[in-house]
Amino acid sequence: MRSRGMSVDEKSVTVLGLGPMGRSLAGAFLDAGVRTTIWNRTPGRGQALVERGAVAAESAEEAVATSDLTVVCVVNYDASDAILRQEAVTAALKGHTAVNLTADTPDRARDAADWAAAHGIGYLDGAIMTPATTIGTPAGVFIHSGPKELYQQHRPVLDALGGTHTHLGEEIGRAAAYDIALLDIFWTAMAGYAHALAVARAEGVTARELVPFAKGIGAIIPPLFEQFAEDLEHGTYSGEINPVTSAASSMAHIVHASEAHGIDAGVMRAAEGLARRTIGLGHGTDGFIRIAEVLGRR
Ligand code: NDP
């Protein structure tokens, strides 16, 4: 939280967590000339970074005391709480800022922000929406939330990570909310893809043969995001081209083909169930995204 007009030489950061992502973050800071202190629960993971100029701290409290800004990137908030809420670490962080790039839920981010405020620690939450290999390149995508002034103060160091950084708002849970929504899209799509590969294989179609057509199906989706956002905003749900009844029928074919091969169709059964529920509520002639409105009813 301490404010200082940073020159390039003065930039420094601590990275807690040296999994694949933590190592990439620390590597990008080093490449950008930021003085980088590292710490990981299991020692030894940062050896290559030390050879590139990082300073390996003996303890988490020593690590966080070294820099105004600490970037945390571990498996989840249970892990980050286990590190940050140790008495000595909390004390060493007082008056400093932590940016938690660990993925978890909005509620965990809010809880951590309350804890930080109670201990005089500046706190920003964030998420990384691209793989570790993109860090330090223009392809990296970072989202942030929390006090805007604090974010702007530390932006010069965060910029060393490359890519695009977007501050989504002061409400601390907002970055995690985006992260959850975006990963929902990703994992349900990947589960569908894994299932598709299994069924295709049972029919003698290889993953390689499917690639050009899989890319084609994938390309249909981005424009639908725009259209469906409009539908949800205006409550229009036009089903002229692809009503929910038609989607449910298509999904049933997939379930049957899958189960005929003895392949678990749970992913598609769940999707078909949502469509059938929507039809049962009288929305069969609406467009597919009516399902989102039905799911969102309390
Ligand atoms: P992991 O998610 O596997 O996290 C590994 C790190 O968590 C290690 O530093 C590990 O320490 C630490 N850790 C686990 N449990 C504990 C604990 N109880 N106490 C202290 N430290 C613990 O690896 P990544 O680096 O890939 O991911 C880190 C974060 O980045 C995750 O939230 C992930 O979702 C996110 N992310 C990762 C991406 C990627 O491409 N890898 C892409 C986008 C986001 P130790 O070595 O001691 O086990």
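**Exercise 1. Helices around the largest pocket**

Task: Name the helices that each supply at least two residues of the lining of the largest pocket.

Solution.
- Step 1. Know the model. This is a predicted model, in which local features need pLDDT of at least 70, side-chain atom pairs count only at pLDDT 80 or more, and totals for chains, interfaces and linings use all residues. Residues are numbered from 1 along each chain as its sequence is written, and side-chain values use heavy atoms, with hydrogens and water left out.
- Step 2. Fix the terms. A pocket is an open set of points on a 1 Å grid over the protein atoms alone, where a 1.4 Å probe fits, with protein on both sides within 12 Å along at least five of seven lines; lining residues have an atom within 4 Å of a point. Helices (H or I, at least four residues) and strands (E, at least two) are DSSP runs, numbered from the N terminus.
- Step 3. List the helices. They are H8 (174-202), H9 (207-234), H10 (244-260), H11 (266-283) and H12 (290-295).
- Step 4. Find the main supplier. H9 gives the largest share of this lining, 14 residues.

**Exercise 2. Lining and volume of the largest pocket**

Task: Which residues lie nearest the centre of the largest pocket, and how does its lining divide by class?

Solution.
- Step 1. Take the volume, the space filled by probe spheres set on the points. For the largest pocket this is about 2300 Å³.
- Step 2. Look at the centre. The lining has 49 residues, and Ala189, Ile221, Leu224, Met251 and Phe288 lie nearest the centre.
- Step 3. Sort by class. Ala, Val, Leu, Ile, Met, Phe, Trp, Tyr, Cys and Pro count as nonpolar, Asp, Glu, Lys and Arg as charged, and the others, Gly among them, as polar. The lining has 35 nonpolar, 11 polar and 3 charged residues.

**Exercise 3. The second largest pocket**

Task: Describe the second largest pocket by volume, centre, elements and classes.

Solution.
- Step 1. Its volume is about 520 Å³.
- Step 2. It is lined by 24 residues, and Gly17, Gly19, Cys73, Val74 and Val75 are the closest to its centre.
- Step 3. H1 (20-31), H4 (77-84), strand S6 (122-128) and H8 each supply at least two lining residues.
- Step 4. The classes are 15 nonpolar, 6 polar and 3 charged.

**Exercise 4. The open sheet**

Task: What is the order of the strands in the open sheet, and which strands are at its edges?

Solution.
- Step 1. Read the order. The open sheet has 8 strands, S3-S2-S1-S4-S5-S6-S7-S8, with mixed pairing. Two strands pair if DSSP finds at least two bridges between them.
- Step 2. Find the edges. S3 (55-56) and S8 (164-167) each pair on one side only.
- Step 3. Start at S1 (12-16). S1 runs parallel to S2 (35-39), with 5 bridges, and Ser12 stands opposite Arg35 in S2.
- Step 4. Go to the other neighbour. S1 also runs parallel to S4 (69-72), with 3 bridges, and Val15 stands opposite Val71 in S4.
- Step 5. Go on. S4 and S5 are parallel over 4 bridges, with Val72 opposite Asn100 in S5. S5 (97-100) and S6 are parallel over 4 bridges, with Val99 opposite Leu124 in S6.

**Exercise 5. Faces of S1 and S4**

Task: Are the residues on the two faces of S1 buried or exposed?

Solution.
- Step 1. Set the cut-offs: buried is under 20% relative accessible area, exposed over 50%, and partly exposed in between (1.4 Å probe, protein chains only).
- Step 2. Check S1. Ser12, Thr14 and Leu16 lie on one side, Val13 and Val15 on the other, and all are buried.
- Step 3. Check S4. Leu69 and Val71 point one way, Thr70 and Val72 the other way, and all are buried.

**Exercise 6. The aromatic pair**

Task: Why is the pair of Phe186 and Trp187 given its class?

Solution.
- Step 1. Count. The whole structure has 1 aromatic pair.
- Step 2. Use the geometry. The ring centres of Phe186 and Trp187 are 4.9 Å apart and the planes are at 75°, so the pair is edge-to-face. Rings of Phe, Tyr and Trp (its six-membered ring) pair if their centres lie within 6.5 Å; planes under 30 degrees apart are stacked, over 60 edge-to-face, the rest tilted.
- Step 3. Add exposure. Phe186 is partly exposed at 39% relative accessible area, while Trp187 is exposed at 56%.

**Exercise 7. A loop residue**

Task: Where is Tyr237 placed, and is Tyr237 buried or exposed?

Solution.
- Step 1. Tyr237 is in the loop between H9 and H10.
- Step 2. Its phi is near 45°, a positive value in a residue other than glycine.
- Step 3. Its relative accessibility is 6%, so Tyr237 counts as buried.
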